[in-house]
Amino acid sequence: MSSLKSLYLRWCCQVQDFGLQHLFGMRSLRLLSLAGCPLLTTTGLSGLIQLHDLEELELTNCPGATAELFKYYSQHLPHCMVIE
């Protein structure tokens, strides 16, 4: 059985912080796009550091993605390219 490597949730306007918690166990995930998800907060997005092997994270047009969050990601996910 193959593991999920990429997940695109772009412009899914119903995705909320609670829903992100279901992603934390997806250890094989390498690419995650949450671009344009308006209901995600900085608090919810900060939990994504549990995805240690994440290589690319897209947060374009995501209001919860702040400068402080990007700095936090650079410290905790140093090998992940975060697309603002």
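**Ser33 and its surroundings**

Let me begin with one residue: leaving aside residues up to four places away in sequence, Ser33 touches Leu7, Tyr8, Leu9, Arg10 and Glu58. I should say at once that what we are looking at is a predicted model, and that Ser33 sits in strand S2, which covers residues 31-33.

Two of those neighbours are engaged through polar contacts. The side chain of Ser33 reaches the side chain of Arg10 at 3.1 Å, and a further polar contact, of 2.7 Å, links the side chain of Ser33 with that of Glu58. Is Ser33 itself buried or exposed? With a relative accessible area of 0%, it falls under the 20% limit, and so Ser33 counts as buried.

Let me now step back to the whole chain. It holds 3 helices and 4 strands, and these follow one another along the sequence in the pattern β-α-β-α-β-α-β. The radius of gyration is 12 Å, close to the 12 Å that the globule rule gives for 84 residues, so the chain is as compact as a globular protein of that length. Along the principal axes, the C-alpha atoms fill a box of roughly 35 × 30 × 20 Å.

As for contacts, if we take those with a separation of 6 or more, 65% of them are between residues 24 or more positions apart. Of the 84 residues, 40% count as buried, while the chain exposes about 5000 Å², of which carbon and sulfur atoms supply 56%.

Finally, on charge, the chain carries 5 positive and 7 negative side chains, and the centres of these two sets are 7 Å apart.

Methods: Residues are numbered from 1 along each chain as its sequence is written. This is a predicted model: local features need pLDDT of at least 70, side-chain atom pairs count only at pLDDT 80 or more; totals for chains, interfaces and linings use all residues. Side-chain values use heavy atoms; hydrogens and water are left out. Helices (H or I, at least four residues) and strands (E, at least two) are DSSP runs, numbered from the N terminus. The radius of gyration is taken over C-alpha atoms; the globule rule is 2.2 Å times the number of residues to the power 0.38. Buried means under 20% relative accessible area, exposed over 50%, partly exposed in between (1.4 Å probe, protein chains only). Contact means heavy atoms within 4.5 Å. Accessible areas come from the Shrake-Rupley method with a 1.4 Å probe; for residues, only the protein chains shown count as cover. Lys and Arg count as positive and Asp and Glu as negative; His and the chain ends are not counted. The place of a charge is taken as NZ of Lys, CZ of Arg, CG of Asp or CD of Glu. A polar contact is a pair of N or O atoms within 3.5 Å; within protein, one must be able to donate a hydrogen and the other to accept it, and residues adjacent in sequence count only if both atoms are side-chain atoms.
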